[in-house]
Amino acid sequence: MELLCVLAALLTLFLGSAALTLKAWVPAGMAPLTVLSGIAAVFTLAGIAGVLYPAAWAVYALCVAGGLWALWPRKGQKPDWKVFFTPGSVLFWGMALAFTVYFSIRQPMASGYDELSLWATAVKVTKVDNSLYSTATLGTPWAVTQNPGLPLISYFFQFFGSYADWKIYLAYDVLYFACYAAVLSALPWGKWRVAVPLAAVLWCTPFFFTIYNHTIYLADTYLTSYGDVPAGLVFGGAVAMWLALRQTDGPRWAVLPVLALAANLKANDFVLSLAAAGLIAVDAWFFCDGPFKQRLARRTGFAAACFAAPMAIYYIWNIRYVGWLVARNSDSGGVGETSAALSDVVINGIKILLGQPVEGFFEERRPQFLQAMADMGHQFWTADGKLSMIGQGRNVVVLILVLFVVAFVLAAGWQLRARIAALGVLSTLCFVGYNLMLALSYGFIFKDFQAQSLQDYNRYIYSYYIGWFLIALGCLATALLPQLCNRVELDGPTAMFVSTRYTPRWGLAGQGVVLLLAAAMLLRQGQLVLPQLSVLGFADSEFSDRRTIRAEAELVCSYLTEDDRVFFVSQGDNGEAWFSAVFDFYPILVDYSGIVSEMIGGGGELGLPELRPEEEGPKNYYYHGFTAEELDSIVRGNGCTVLYLQTIDDIFVQSYQSLFTDGLEAALSGETLLYRVTDDGFAPMEMEVTAS
């Protein structure tokens, strides 16, 4: 049943794409990315307005109606089906259908720490509530301001049927494939010798820039709900799509929703969307197809629109909406704004780089900022910074710049060579700017311990590497195609418009470069990622622990009502089990199980203050010392109606046995996991507990 629901979503996506292709002349390989980007933008605005559910119905109806209108034969005419069969579109629809069937059979599950604490939970909350997760009521300090683009794309695929983890991965992989199709869209079938190895290169790209060691665990590049890989692919895919649009003479507006999506994936990737907008704007404004003054106002308007698309999303969400969320959180007892304003961070960071004095907070953070820059440089230049399958950042940059050079050498005509050179130089400058943004974040926004260890630096930097690589591939694909260059020749008092067709230089050698790159990347991936540890061959046991935990959560929830609020007890937990329970139990609320205002709770070890273990470890580090009276007051004061005793130990029994009407006898004998909060104490609930 769930498979049919997702196939219905894919059919709707196809109809929407068909309408753009047949009626708006958007090439078939680029239409899916444009439609997905448009859906994310509409859902974002609808979610902010509180009308997400009816808006979803309207989007589905519009796509279906538009597709039927475009495909319906008129006066004996039939649709030109050939326009749907391009290398890019065939790759997209083939991979989308294959992964739909595959994931529906294999049923991968959300299991990563960040998935359960944010990314997957946001999708489930959106699906269950049919509204934005940022305003959801959870039993946690839930004040999520992360951009909603990815969860809302997943919502499109979750809309029919029940929530399922595998639909998250499918939705994000469909977005991956849409970006791949955009890169291939400049190539006609006559260039299949380039398109086939280039498709292999694109398949390897997320692995190539995110896996930097021989792994013995599942390489979950295509099984993750994190936003770092999609951010890079959409960033690069937008520029590559623009190159394909110019090559195929497609409508330029089609790239604008993609630029908006690039700004709507992660808050710290807004700079990527601006980089993509800048690269496209420069290419469109400076390198026109005719005389420079021809259509200057139109080109200027388009260049402005390229920046306006991501900036509008940023302003609506990150300035207006998040500002409202922060104010609401502060009014309700939250912490409100917790970091310096972005403008102040940039201004004072640049002052420090220029050797000028700064004051207060920024002077205090000066050493942290400078140390972060030094550490990032160390990661880039030395073998300590293995961030990809070919090592540290310098190796990645060399590979990407070599692709730009190859594209420049192969390109047909001076104009295309100039465009490729400009894109190569400007994208390199954007890389420097992106690194400055990361350094400013570590210096003035992130916590001290995050800066000291450059926490998640690999995830932040490979977003740019992935996008930059796609831009280079887009230039290479375009360079292997003939080019029409237009110029005006004066003949006395008259002028004549002349078109010249240039063919690529050393085209066969260029095809060999693409084939060699594909072979090298496939070989390297095969060396580092075993087939049984990839998305195509993971074992059923990979998610066995999560299936056991999910089954217990479903059993427990069967004894609860939606009005219950659960106090979670799992002794020795480092927070992962608590996040898992919050995710699995929803819409039943799992309490923070502690004191929210003091950030004490969210899993850990509960016990009397004097019983804190002396040995180092999770029980010591996450120890919450409450007296029996304090714990009873917290449970009742938080409005909890049930205690879920997932795991208890001697410390818990010794500390709180008196609070339970049976002295915890039922829990210790394995007869129950649940205790109801009553006036007389915590009373055991009858339930059938399966043997673990």
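Which residue lies over the face of Phe538, and at what distance from the ring centre? In this predicted model, that residue is Arg106, which is placed 4.1 Å from the centre of the Phe538 ring. A second arrangement of this kind involves Lys23, whose charged end sits over the ring of Trp69 at 4.7 Å from its centre.

**Aromatic rings**

Phe538 also belongs to a cluster in which ring pairs link Phe99, Tyr102, Phe103, Tyr176, Phe177, Tyr180, Trp203, Phe207, Tyr222, Phe538 and Phe543. The structure as a whole holds 61 aromatic pairs. A pair of aromatic rings is described by the distance of the centres and the angle of the planes, and two pairs are set out in the table below in those terms.

| Ring pair | Distance of centres | Angle of planes | Class |
|---|---|---|---|
| Tyr321 and Trp324 | 5.7 Å | 35° | tilted |
| Phe431 and Tyr464 | 5.5 Å | 45° | tilted |

Tyr321 and Trp324 both belong to helix H12 (residues 296–331), where a spacing of three residues separates them by about one helical turn. An α-helix has 3.6 residues a turn, so residues three or four places apart point the same way. Their exposure can nevertheless be stated separately: Tyr321 is buried, with a relative accessible area of 6%, whereas Trp324 is partly exposed, with a relative accessible area of 44%.

The other tabulated pair bridges two helices, because Phe431 lies in helix H17 while Tyr464 lies in helix H19 (residues 457–479), and the pair therefore ties together parts that are 33 residues apart in sequence. Both of these residues, Phe431 and Tyr464, are buried.

**Helix packing and burial**

Helix H17 (residues 414–444) also meets helix H13 (residues 342–353), and the axes of the two come within 10 Å and cross at roughly 100°. Because angles of 65 to 115 degrees count as roughly perpendicular, H13 is described as roughly perpendicular to H17. On the H13 side the contact is made by Val345, Val346, Gly349, Ile352 and Leu353, and on the H17 side by Leu436, Leu440 and Phe444. Sorted by class, this contact of H13 with H17 has seven nonpolar residues, one polar residue and no charged residues.

Burial can also be followed along helix H6 (residues 149–158), which is mostly covered, with ten of its ten residues buried. The buried residues of H6 include the aromatic residues Tyr155, Phe156 and Phe157, together with Gly149, Pro151 and Gln158.

**Backbone features**

Most residues other than glycine have a negative phi, and most peptide bonds are trans. Against that background, three places in the backbone can be pointed out. The peptide bond that joins Tyr586 and Pro587 is cis, with omega about 20°, and Pro587 lies in the loop between helix H22 (576–585) and strand S4 (589–590).

Trp25, a residue other than glycine, has a positive phi near 60°. Trp25 is found in the loop between helix H1 (2–23) and helix H2 (31–49), and with a relative accessibility of 65% this residue counts as exposed.

Ser593, which is not a glycine either, has a positive phi of about 60°. Ser593 lies in the loop between S4 and strand S5 (605–607). In terms of burial, Ser593 is buried, with a relative accessible area of 3%, whereas Trp25 is exposed.

Technical notes. Residues are numbered from 1 along each chain as its sequence is written. This is a predicted model: local features need pLDDT of at least 70, side-chain atom pairs count only at pLDDT 80 or more; totals for chains, interfaces and linings use all residues. Side-chain values use heavy atoms; hydrogens and water are left out. Axes are lines fitted to C-alpha atoms, for helices over the stretch in contact, and angles run from 0 to 180 degrees between N-to-C directions. Helices (H or I, at least four residues) and strands (E, at least two) are DSSP runs, numbered from the N terminus. Angles under 35 degrees count as roughly parallel, over 145 as roughly antiparallel, 65 to 115 as roughly perpendicular and the rest as oblique. Contact means heavy atoms within 4.5 Å. Ala, Val, Leu, Ile, Met, Phe, Trp, Tyr, Cys and Pro count as nonpolar, Asp, Glu, Lys and Arg as charged, and the others, Gly among them, as polar. Rings of Phe, Tyr and Trp (its six-membered ring) pair if their centres lie within 6.5 Å; planes under 30 degrees apart count as stacked, over 60 as edge-to-face and the rest as tilted. Buried means under 20% relative accessible area, exposed over 50%, partly exposed in between (1.4 Å probe, protein chains only). A charge sits over a ring if NZ of Lys or CZ of Arg is within 6 Å of the ring centre and within 35 degrees of the ring normal.
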